[in-house]
Amino acid sequence: MTTKVNVASKNLAEIKDKCVAIAFFEDNLKLNKDITDFDKTISNAINDSIKNKDFKAEGNEVKAFYVNTKGVKYVALLGLGKEKEFTLNKLMDSVSILSKKIRSMDIKSFSIYFDSFKNKNFDFDTYLEKITQAVALSLYQFTKYKTKDLEKIKKIDKVTIIADKNNHDKASKIVSESLVYAEAVIKTRDLVNTPPNIAIPEYVSAYAKETARKNGLKFTVLDEKQLEKLGMECYMAVARASVNKPRMFILEYKGAGNEKPIVLIGKGVTYDTGGVNTKPANYMANMKDDKAGACSVIHVLEACARLKLRVNVIGIGAMAENSISGSAYKPDDVLKSYSGITVEVIHSDAEGRMVLADALAYSLKYKPKAVIDIATLTGAAIIALGYNASPIMGNDQKLIDKMKKASDKSLEKVWQFPLWEEYEELIKSDIADIKHLSSDIDAGAIVGGIFLKQFVKDVPWVHIDIGGAVWAKQDKGYRIKGATGFGVRLLLDFLRER
């Protein structure tokens, strides 16, 4: 992370920084004693802005002005709207807008007066966590492959959160842990944004290995020969057309003694042409994001180690490239999965579920208490829920409910889809045990889940389809154009609660 976030305990009038940010609710435009004392040092500029209605504190309103005192050069006032209508989502969005506005002014550092954000509906810990994450995530920029005009790229080096002196140690701990979350998201964004000519399966596997080395995780990798020897015909069928050979990596974090592990499985298709059923050109753009599930798993495991969570977690990344050649798998093929189930191929662009089928079945060797897969599985997820939420489904309602609870905490939205028994008719095959896709387009996201369900037996399992939430088409709040890193905070909050 290029932007450092720390905590300081000072009165407003004691702050020495380039800019100080103070928030107000629209229905409570009163200055407390600390703000009043500070305002006196800047010729009552804040009070005058409110009195003259230059600043009304409407939602996401930012008014910045030059004051040039010995301690502070700029003041930024942030509007939070009506207090009774305020939410944590609005908090993160408003802090993100503030942070980007200050960056646009080419200000390298600023301080946030935390007390001005206080809302009786939310506790100190949650508020501070969301402010910290919003700052870090909203200031993200992917510039690794730019070589020109780098000096013109504006960035903020440091943000200081001014907290009450009595809460300094507690605040520092919360900020530190919140930054672990943010860094995990940012690293996931970086890896997903890395172009497919570089981030091939071997590259991502090597990245995972280095992450394991730095964080004391156990690392194992299976290459194409080992995958083939294990009988993973579904996985290998997807991978065999590419010159970039598949890799399945396994990361293991042990923080809870001999407890059964939770297994996280990430789809890692480093690029998806669609195979023989080639995608139209406009659907092939940004298909580097098809590896996002596996990228998320790497950084969730890293964050578990950094946070020292008391849970055992195994992360599996099923890496492959779905390419086109004379050896590509094709519709009408019948393949035998690692589990022994035979699968009829309907469409080569439904490759993610083929890779995951073998990875899910393989994960059962670890005797997990739960299995969770995260995958850019379907475009149907976008049709159903758009780009800001993900369908989830599974075979264990208690596990799904825990994921919903983690969704509420992390603010990463999920919505449960059903896996009704009658939908299993849609994957019945005339010549194999099952087919991997319905012949119709109905219930696409659910059919994907129904197929995956066949490979987990009776182990509690949840499937997260991030087909829409994986990518942002434009900047909005802390979602920056490009890879979003969706799912990282969701999974971390889920594991932390466990």
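Which residues is Ile-262 in contact with, leaving aside its neighbours within four places in sequence? In this predicted model, the contacts of Ile-262 are Val-311, Asn-312, Val-313, Ile-314, Lys-369, Ala-370, Ile-372, Phe-494, Leu-495 and Arg-498. Ile-262 itself belongs to strand β9. Because its relative accessibility is 0%, Ile-262 counts as buried. One of its contacts, Lys-369, stands 107 residues away from Ile-262 in sequence, yet the two C-alpha atoms are 5.8 Å apart in space.

The setting of strand β9 is considered next. Strands of a sheet pair through backbone hydrogen bonds, and this pairing is either parallel or antiparallel. In the present model, eight strands form an open sheet in the order β7-β8-β10-β9-β13-β17-β14-β15, and the pairing is mixed. The edges are occupied by β7 (218–222) and β15 (413–416); each has a single partner strand, so one side of each is left without a neighbour in the sheet. From one strand to the next, the twist averages 20°. At one of these edges, β15 pairs with β14 (residues 389–394) in the parallel sense, over four bridges. Within this pairing, Pro-391 has Trp-415 of β15 as its bridge partner. Helix α15 (residues 488–497) packs on the sheet, where it touches β9 (262–272), β10 (312–322), β13 (370–375), β15 and β17 (461–465). The direction of helix α15 makes about 170° with that of β9.

Strand β9 also contributes to the largest pocket, supplying at least two residues of its lining. The same is true of α9 (281–284), α11, α12 (380–385) and α14 (444–453), each of which supplies at least two lining residues. The largest pocket holds about 1400 Å³ of space. In total, 46 residues line the largest pocket, and Lys-279, Tyr-283, Thr-378, Gly-379 and Ala-380 are those that lie nearest its centre.

A further position examined is Ser-348, which is placed in the loop between β12 (342–344) and α11 (352–363). Is Ser-348 buried or exposed? Ser-348 counts as buried, because its relative accessibility is 0% and the term applies to values under 20%. Not counting residues up to four places away in sequence, Ser-348 touches Gly-274, Gly-275, Val-276, Asn-277, Asn-322 and Tyr-329. With Gly-274, one of these residues, there is a separation of 2.6 Å between the backbone oxygen of Gly-274 and a polar atom of the Ser-348 side chain.

Methods. Residues numbered from 1 in each chain as written. Predicted model: local features only at pLDDT ≥ 70, side-chain atom pairs only at ≥ 80, totals over all residues. Heavy atoms only, no water. Buried < 20%, exposed > 50% of the residue type's maximum accessible area, 1.4 Å probe, protein only. Polar contact = N/O pair within 3.5 Å; in protein donor to acceptor, adjacent residues only side chain to side chain. Contact = heavy atoms within 4.5 Å. Pairing = 2+ DSSP bridges. Axes fitted to C-alpha atoms, helices over the stretch in contact; angles between N-to-C directions. 1 Å grid on protein atoms, 1.4 Å probe; cavity = no way out; pocket = protein on both sides within 12 Å on 5 of 7 lines; lining within 4 Å. Points joined across faces, edges and corners; volume = space filled by probe spheres on them.
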